Amino acid sequence: MGNYFNMIYNDDCLTVLPKIDTSSIDLVLTDPPYFIGKEMKKNRAVNKLKFNDSGETINTQMSWDISWESKEEYLNFIKNVFIELVRVLKDDRHIILFVDKKDLSYIIKIGEDCRLKFRKVLFWRKTNPVPLADGIGPMTSMELAVWFTKGSVKKEHYNKNLGLITDVLNAPIPSAEGSKIRHPSQKPILFGLQWISYLTKPNDVVLDCFAGGGTFLLASKLLNRNYIGIESNKQYCENIQYRLNTPNSLVASKFNSFIHDTLKNKLDGIDKTEILTILGSNAERVVANDLF
Ligand SMILES: C[S@@+](CC[C@H](N)C(=O)[O-])C[C@H]1O[C@@H](n2cnc3c(N)ncnc32)[C@H](O)[C@@H]1O
């Protein structure tokens, strides 16, 4: 498939992934549908989907999440994606995949069946969790991602400049404020910045095969990594192009020097988790100010 770096493919990932060269990817960072749409359908009060009188989706906002007949069919789809991801990943490199909490054990098993080494569960703690519609029960403030490694853990690369980081990343739910194109399940860019920066080097290749709003592609671009994005929804692909192309290279270099300066100036003598918190809120603000 020629030079396919820094491109967005508007197609099903199971159509595009087989065209990617074996052992050509340095990091997979992706966020598949959780297949929770059917459950959401049961409670229309808290549901972002809109239904007609027959109960069919009339709003495509999250229709991509209900494409499977059963959980078994969904997990089988995820397994087929994993098989391709393991093939395209280089040895001693990593896959990070967001998961629904209920599926954690299934997804770890799928990864291990594909001969990946399970490393850790990574957490995104939402600093602005949303109250439940019925007001009953604690707000959900954690989203989970699973980190796997292919091959030998001893040979892997870490960016030691990030210092001692933890498995919990604090960041707000990305706001639609100031942004024309927030994806309904958009993840914070800081999550991408931290883990891409930690596990890859400049010019490495990052793959996101469920690109959504393109958050992890933008993080890759800002960190001078190559990216490959796959997204089945045409409108989302257009949004990603807009998001990636609106900032010019000046914005990217400004953002990069911001990260380097922040780390360089603040690394000594203060709590490293505090640095990441500072970096987090500023990173979100710089991106928001510059891109939208
Ligand atoms: C959870 S969202 C990703 C959100 C993204 N991480 C962000 O921050 O904006 C999952 C995306 O996968 C896309 N998708 C669903 N099935 C797909 C498939 N088979 N191939 C490619 N993309 C798919 C959906 O359209 C949706 O935008």
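**Group meeting: a walk from strand S8 to the ligand**

Hi everyone, let's start with a pair of strands: strand S1, residues 7-9, runs parallel to S8, and three bridges hold the pairing. Within that pairing, Tyr9 sits opposite Ile230 of S8. Before I go on, please keep in mind that this is a predicted model.

S8 has another partner. S7 and S8 also run parallel, joined by four bridges, and here Asp208 stands opposite Gly229 in S8. To get from S7 to S8, the chain passes through helix H6, residues 215-222, and this β-α-β crossover is right-handed.

So how many of the residues in S8 are buried? Five of its five, so the strand is mostly covered, given that buried here means under 20% relative accessible area. In a regular strand, side chains alternate between the two faces of the sheet. In S8, one side carries Asn226, Ile228 and Ile230, the other carries Tyr227 and Gly229, and every one of these is buried.

Let me step back for the overall picture. The protein has nine helices and eight strands. Of its 292 residues, 50% are buried. Looking at contacts with a separation of 6 or more, 75% are between residues 24 or more positions apart.

Now to the interior. Nonpolar side chains tend to be buried together in soluble globular proteins. In this model, the largest nonpolar core has 39 residues, and Leu17, Ile25, Phe82 and Leu207 have the most contacts inside it. Several elements each supply at least two residues of this core, including strand S2 (25-30), strand S3 (89-99), strand S7 (205-208) and our friend S8 (226-230). Which element gives the most to this core? That is H3, with nine residues.

If you want one residue to click on, try Leu17. Leaving aside residues up to four places away in sequence, Leu17 touches Val81, Glu84, Leu85, Arg87, Val88, Leu207, Cys209 and Ile230. You have already met Ile230, opposite Tyr9. There is also a second, separate core of 34 residues, and Trp147, Leu169, Ile173 and Leu223 are among them.

Helix H5, residues 189-199, is worth a look too. Because 11 of its 11 residues are buried, H5 is largely enclosed by the rest of the structure. Its buried residues include Phe191, Gln194, Trp195 and Tyr198.

Next, some polar side chains. Where is Arg243 found? In helix H7, residues 234-245. Arg243 is buried, with a relative accessible area of 6%, which puts it under the 20% cut-off. Its side chain comes to 2.8 Å from the backbone oxygen of Gly213, and the Arg243 side chain also makes a polar contact of 3.1 Å with the side chain of Thr215. Hold on to Gly213 and Thr215, please, since both will come back at the ligand.

Is Arg93 in strand S3 buried or partly exposed? Arg93 counts as partly exposed, because its relative accessibility is 22% and buried means under 20%. The side chains of Arg93 and Asp26 are joined by a polar contact of 2.2 Å. Arg93 also touches Ile25, Phe148, Thr149, Lys150 and Asp204, among others, again not counting residues up to four places away in sequence. Along the chain, Arg93 and Val153 are 60 residues apart, yet their C-alpha atoms are separated by 8.5 Å.

Then there is Tyr34, in the loop between S2 and helix H2 (37-42). Tyr34 is buried, at a relative accessible area of 11%. A 2.7 Å polar contact joins its side chain to that of Glu143. Tyr34 and Trp64 are 30 residues apart in sequence, while C-alpha to C-alpha they are 9.7 Å apart in space.

Finally, the ligand. Which residues come nearest to the ligand? Of the 24 around it, they are His183, Lys187, Gly213, Thr215 and Glu231. So there are Gly213 and Thr215 again, the two that the Arg243 side chain reaches.

Here are the distances. A polar side-chain atom of Glu231 is 2.6 Å from an oxygen atom of the ligand. For His183, an N or O atom of the side chain is 2.8 Å from a ligand oxygen. And Asp12 has an N or O side-chain atom 3.3 Å from a nitrogen atom of the ligand.

That's my tour; thanks for listening, and I'm happy to rotate the model for anyone.

Conventions: Residues numbered from 1 in each chain as written. Predicted model: local features only at pLDDT ≥ 70, side-chain atom pairs only at ≥ 80, totals over all residues. Heavy atoms only, no water. Buried < 20%, exposed > 50% of the residue type's maximum accessible area, 1.4 Å probe, protein only. Polar contact = N/O pair within 3.5 Å; in protein donor to acceptor, adjacent residues only side chain to side chain. Core = buried A, V, L, I, M, F, W, Y, C linked by side-chain atoms within 4.5 Å. Contact = heavy atoms within 4.5 Å. Pairing = 2+ DSSP bridges. Right-handed = clockwise from strand over helix to strand, strands pointing away. Near = heavy atom within 4 Å.
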